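The following paragraphs lead the reader through one protein chain, beginning with its strands and ending with its surface. Please keep the sequence and the model in view while reading.

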Amino acid sequence: MEIPNSSCFLRVEVDEVNNCIFYYSLDGTDYHEIGEDFKAKKGRWIGAKVGLFSINPNIKGSDGYADFEWFRVQ
């Protein structure tokens, strides 16, 4: 997914039964759900981790990349 803005905001919300729901926003106000929910549970969840990466399902001849200038965790 190409981001048309110079910034993209990411958010994860964890509900009372440990479901993690992921969101993105291009303006920091209007968030859209992205990806699949994740159930945090013993043996699978060992704490909060932050990471940014790029994947390309077409590995052969891939021109995919991710260019991150900075990110902040709040």
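Two strands are said to pair if DSSP finds at least two bridges between them. Strands themselves are DSSP runs of at least two residues, numbered from the N terminus. With these terms, the hairpin of S1 and S2 can be described: four residues lie between the strands, and Asn18 takes a positive phi near 70°.

The model is a predicted one. Its chain averages a pLDDT of 79, and 78% of the residues score at least 70. Among the elements, confidence is highest in strand S3 (residues 31-33), at a mean of 94, and lowest in S4, at 84. The chain contains four strands and zero helices, so that from the N terminus on the order of elements reads β-β-β-β.

How do these strands pair? S1 and S2 are joined in the antiparallel sense over six bridges. One position in this pairing is Leu10, whose bridge partner in S2 is Tyr24. Another is Val12, which is found in strand S1 and stands opposite Phe22 in S2. Val12 is partly exposed, with a relative accessible area of 46%. The C-alpha atom of Val12 is separated by 9.7 Å from that of Asp37, although the two residues are 25 apart along the chain.

The connection between these two strands merits a separate look. Asn18 is located in the loop between strand S1 (9-14) and strand S2 (19-25). The phi of Asn18 is positive, in a residue other than glycine. Asn18 is also partly exposed, at a relative accessible area of 40%.

Strand S2 has further partners. S2 and S3 pair in the antiparallel sense over three bridges, and Tyr23 has Glu33 as its bridge partner in S3. These two strands likewise form a hairpin, here with five residues between them. In its turn, Gly28 has a positive phi of about 80°. S2 also pairs with S4, again in the antiparallel sense, over two bridges; Asn19 stands opposite Lys39 in S4. S2 thus pairs with S1, with S3 and with S4.

Is S2 enclosed or open to the surroundings? Five of its seven residues are buried, so S2 is largely enclosed by the rest of the structure. For the chain as a whole, buried residues make up 9% of the 74 residues.

The cysteines can be considered next. Cys20 is buried, with a relative accessible area of 0%, whereas Cys8 is partly exposed, at 35%. A disulfide would require a pair of cysteine sulfur atoms within 2.5 Å, and by this rule the count comes to zero.

Charged contacts form the next topic. Side chains of opposite charge can pair when their charged atoms come close. How many salt bridges does a search of the whole structure find? The search finds one, and it links Glu13 with Arg11, the closest N and O atoms being 3.9 Å apart. The cut-off for such a contact is 4 Å. Both partners are partly exposed: Glu13 has a relative accessible area of 37%, and Arg11 has one of 36%.

The surface also carries a nonpolar patch. Which residues make this patch of about 670 Å²? They are Leu10, Leu52, Phe68, Trp70, Phe71 and Val73. Leu10 has already appeared as the bridge partner of Tyr24 in S2. Leu52, by contrast, lies in the segment after strand S4 (38-39). Why can Leu52 belong to such a patch? Patches are made of residues with over 30% relative accessible area, and Leu52, at 31% relative accessibility, counts as partly exposed.

In summary, the description centres on S2, which is largely enclosed by the rest of the structure and forms hairpins with S1 and with S3. The salt bridge between Glu13 and Arg11 and the nonpolar patch of about 670 Å² complete the account.

Definitions and conventions:
Residues are numbered from 1 along each chain as its sequence is written. Side-chain values use heavy atoms; hydrogens and water are left out. A salt bridge is a side-chain nitrogen of Lys or Arg within 4 Å of a carboxyl oxygen of Asp or Glu. Buried means under 20% relative accessible area, exposed over 50%, partly exposed in between (1.4 Å probe, protein chains only). Patches are made of residues with over 30% relative accessible area and no salt bridge: like charges are joined within 9 Å, nonpolar side chains (Val, Leu, Ile, Met, Phe, Trp, Tyr) within 5 Å. Accessible areas come from the Shrake-Rupley method with a 1.4 Å probe; for residues, only the protein chains shown count as cover. pLDDT is the predictor's confidence in each residue, from 0 to 100.
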